[in-house]
Amino acid sequence: MTASEIPADSTAGNSPAEGPALNRLAATVERLRNEIQQAQATADGRALIEMAKGVLVERLRCGPAQAAHQLGVLAEQAGVTPLELAAEVVNQAAQDKVSAAAGEFLLRAAAPGDPSAAVRLRTAESGLLAAGDTQRVAEALLDHALAPLGASAAAIWAAGTDGSLSLRGFVGISPHEAQQWRYVPPGVATPARQALTQRKALWIEDLSSSRLPSIGDHSGGRVAIPAGTNGKLLGVLEVCWPQPLEPQRPQIQRQLEALAELCAHTLESDTAGAPVPHGPDVADLVRLAEALFDSVLVLLPHFDHDGTVTDFRIHHVNSRFVDLAGRPRNRINGALLLEAYPMAAGAGQIFELIEHVFATGETYRADRAVLTELVDQIPLTVSAALSISRHGDAVLMVWQVEDETVRLAALLQHAQRLGRVGGFEENPDIGEITWSSQLFDLYGLAPTANPIPLRRLPDHAHNDDADAVRRFLRTVLRYGNAASTAFRLIRPDGVTRHIRIIAEPVLDTAGHLLAIRGAYQDISAQHWTEVALSATRDQLAHTEQHAAEQSRLARQLQQAIMPAAQPSIDAFGLHIAVRYRPTEQDHLVGGDWYDAIVLPSKQILVSVGDITGHGITAATDMVVLRNALRGLAATGAGPGQLLTWLNLVAHHLTTDIYATAICGLYDPQTRVLSWARAGHLPPVLVRAGQATALPLLDGIILGALAETTYEEGELQLEPDDVLLLYTDGLIERRGRHLDECVERLLAASARFSGSLDERLDDLLDNSDSDTDDDTCVVGIQVGPGLPSPSGS
């Protein structure tokens, strides 16, 4: 308590002199605190001056006393303080990684005539060098660099290769809250997670409006900046402001980016006190590649002069490597990736995936990835199983392509012959023309006739199509761009054929036209078929397309969020298995959902729900409520409160969403399951061969009322207990009362004695439900032999 906090009249019951004595004692404590803070700042400044003296000793070949004298003389002559001159001396002499990052900031961010910025950053750097661990680095950053910018708290996160985040350092945040946030599992959308995924700084004006869970106050400004070196992201620097954040000047933004780079160098050498592993040697990766049966590339990053990753060098391809374009291995080894595979560039292509894996360390796997390569200047697209992973400073890319796909180019030539396609090549400068035999047939000419030049093509086209042919020729011959058009070809025998022509110019390195290559295709049969069907197609197109698109989107959304086979979850002695069986009719795609995740508090959230209605609306509404419940669960509230908030979302923030749901939170420490229901069928407990339904807690369906509350119940689970959460699609049958359906489920659950996964499969396989509705089942089994809950 400071002196200003002690009431002046707080002398009741004491001697008259005791009040002033307490005031004097409080003033003394405040004075001593200020002196300590001043001493710490002076010590930090002295560390910076000592660094500058060391530089002068090395450069001037003098002693420490002479260096100190020289520093004072130079500061007096320059009209600056010794601390400011020390910062400048260290800037010019900095050679280590941390100093290089700080020096780069001074070149980019320090405004002319603003030596305080240089002093702040150099003082922060000296504190960082003396800190030795990430926690002390966070404290030094706030004291010397962030507090002058108005920041009140900071957190330094280390990124895991599995997408998780670990809190390495914090300041301005209570230890209790830091303990709760010490580990953020993969998939939790926080500002730090989004900045790491997007690989750029995330500026939030007011965290309360963003609805992103994070450490520290949930109101005020926030910025999360990825921290990385040499193209690899090691973590995130997150800075908090107590009030909404105004747009910052570019100098301030670059200053924070420089501080994030300082944090990256600290994270590189401090991972829970141990050095960061650099992964296997490249030679080990080469040996690993040779031991695999699939095509493997070992890639090393290629940096520009600024240290930015611009490409990846193909260091090695294994002996089983199959090139997409059929090239030998020696033409791929040693080349840059974008030189060997130019089609890998672009948004969503292979290069972007490799760059993301190298930066974040997150492994990428896909059972069916699309690979595109040029084969004889024709894009060839194949599907392959793909895996990309980072190992130290190298990237291992493995793909598995069917051998038949490599021969697609040859099959394409046969398809051109069967599809009445004729190719040509023409050199306009010398008039040399080469036609394939199919092209003479299309034109109705003898094989010994002279080929017709492109410039004379309008003379052989129908009058109504002549303008389209001329536009095509201007695009190819004058502007040098590829083009295509369809026209009616009038043959010498008077027959009209519907033709599509495709052509592209071949240019040299200087942009001069060397030749024109292309193809004609006889599309007459296709044309007359389209004419015959056009009337019917016009009548049905709109309705069919709309219905098909809605069903396809709903099915894709449902499968993306709710896969039919979800891996089992084992956490804290709890085994969780889920099963999802979608309806077989696309137009009946529903909104059933399930979820089972470990929260940051180490509690386990389990839920099931059922949206009313079918189709794309039900599928999108399911995504809204499921994701909303995940976000709300991060607040640490109980299941009853979570359903109350979820009801507000359904009623106020959406359009006519009605749903039933079960929400449960399991505490591994006490083995107590807290749960609540919103108009949903209660869970089933199987214990010692007996199956019972849990009580019907009060709770109306979500979205029905603007405001309502939900009763909350607790269940003490015992070892080997099995709890089943399900939707009505599992048991409901037309013409049968719902209570009878539940009794049949209880009987089937009681007599089964297999594993949890087998139990869920048995319930789905033997279900006699005939409503053709979606079905979700979540099974929870407490592990055997667990210790008794604490306090029991």
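Begin by selecting F424 and Y520: in this predicted model, both residues are buried. Their rings form a tilted aromatic pair, 5.5 Å centre to centre with 55° between the planes. The pair links distant parts of the chain, since F424 belongs to strand β12 (residues 421-427) and Y520 to strand β16 (residues 513-522), 96 residues apart. Now add W435, F440 and Y443 to the selection; together with F424 and Y520 they form one aromatic cluster.

The structure holds 9 aromatic pairs. For another of them, select F321 and W399, which are also tilted, at 5.6 Å centre to centre and 40° between the planes. F321 is found in the loop between β8 and α12 (337-340), whereas W399 is in strand β11, so this pair ties together parts that lie 78 residues apart in sequence. F321 counts as buried because its relative accessibility is 8%. W399 is likewise buried, with a relative accessible area of 4%.

From W399, extend the selection to strand β11 (residues 394-400), which runs antiparallel to strand β7 (residues 295-303) and is joined to β7 by 5 bridges. To locate this pairing, display V298 and its bridge partner in β11, L396. Next, show strand β8 (residues 309-317), which pairs with β7 in the antiparallel sense over 7 bridges. Here L300 has R313 in β8 as its bridge partner. The hairpin of β7 and β8 has 5 residues between the strands, and within this hairpin G307 takes a positive phi near 80°.

Move now to an open sheet of 5 strands, to be coloured in the order β19-β20-β21-β22-β25; the pairing is antiparallel. Its edge strands, each pairing on one side only, are β19 (591-598) and β25 (713-716). On average, neighbouring strands of this sheet are turned by 15° against each other, direction ignored. Within the sheet, β20 and β21 are paired in the antiparallel sense over 8 bridges, and G609 has A661 in β21 as its bridge partner. Add helix α19, which packs on the sheet and touches β19, β20 and β21; its direction makes about 25° with that of β19. Helix α20 also packs on the sheet, touching β21 and β22, and its direction makes about 30° with that of β22.

Keep α20 (residues 639-652) selected. This helix has 14 residues and reaches 20 Å from its first C-alpha to its last, close to the 20 Å expected at 1.5 Å a residue. Its buried residues include L642, L643, L646 and V649. Among the elements that cover the buried residues of α20 are α19 (616-633), β21 (659-667) and β22 (672-678).

Which residue should be selected next in strand β20 (residues 604-611)? The choice is S607. Is S607 buried or exposed? S607 is buried, with a relative accessible area of 1%. Leaving aside neighbours within four places in sequence, display its contacts: W593, Y594, D595, L629, I662, C663 and V778.

Finally, return to the whole chain, which contains 22 helices and 27 strands. Buried residues make up 44% of its 792 residues. Of the contacts between residues at least 6 apart in sequence, 59% join residues at least 24 apart. With the surface displayed, note that the accessible area of the chain comes to about 39,600 Å², of which 52% belongs to carbon and sulfur atoms.

Notes:
Residues numbered from 1 in each chain as written. Predicted model: local features only at pLDDT ≥ 70, side-chain atom pairs only at ≥ 80, totals over all residues. Heavy atoms only, no water. Helix = DSSP H or I, 4+ residues; strand = E, 2+ residues; numbered from the N terminus. Buried < 20%, exposed > 50% of the residue type's maximum accessible area, 1.4 Å probe, protein only. Contact = heavy atoms within 4.5 Å. Pairing = 2+ DSSP bridges. Expected span 1.5 Å × (residues − 1). Axes fitted to C-alpha atoms, helices over the stretch in contact; angles between N-to-C directions. Areas by Shrake-Rupley, 256 points an atom, 1.4 Å probe, with all protein chains shown as cover. Phe/Tyr/Trp six-rings, centres within 6.5 Å; stacked < 30°, edge-to-face > 60°.
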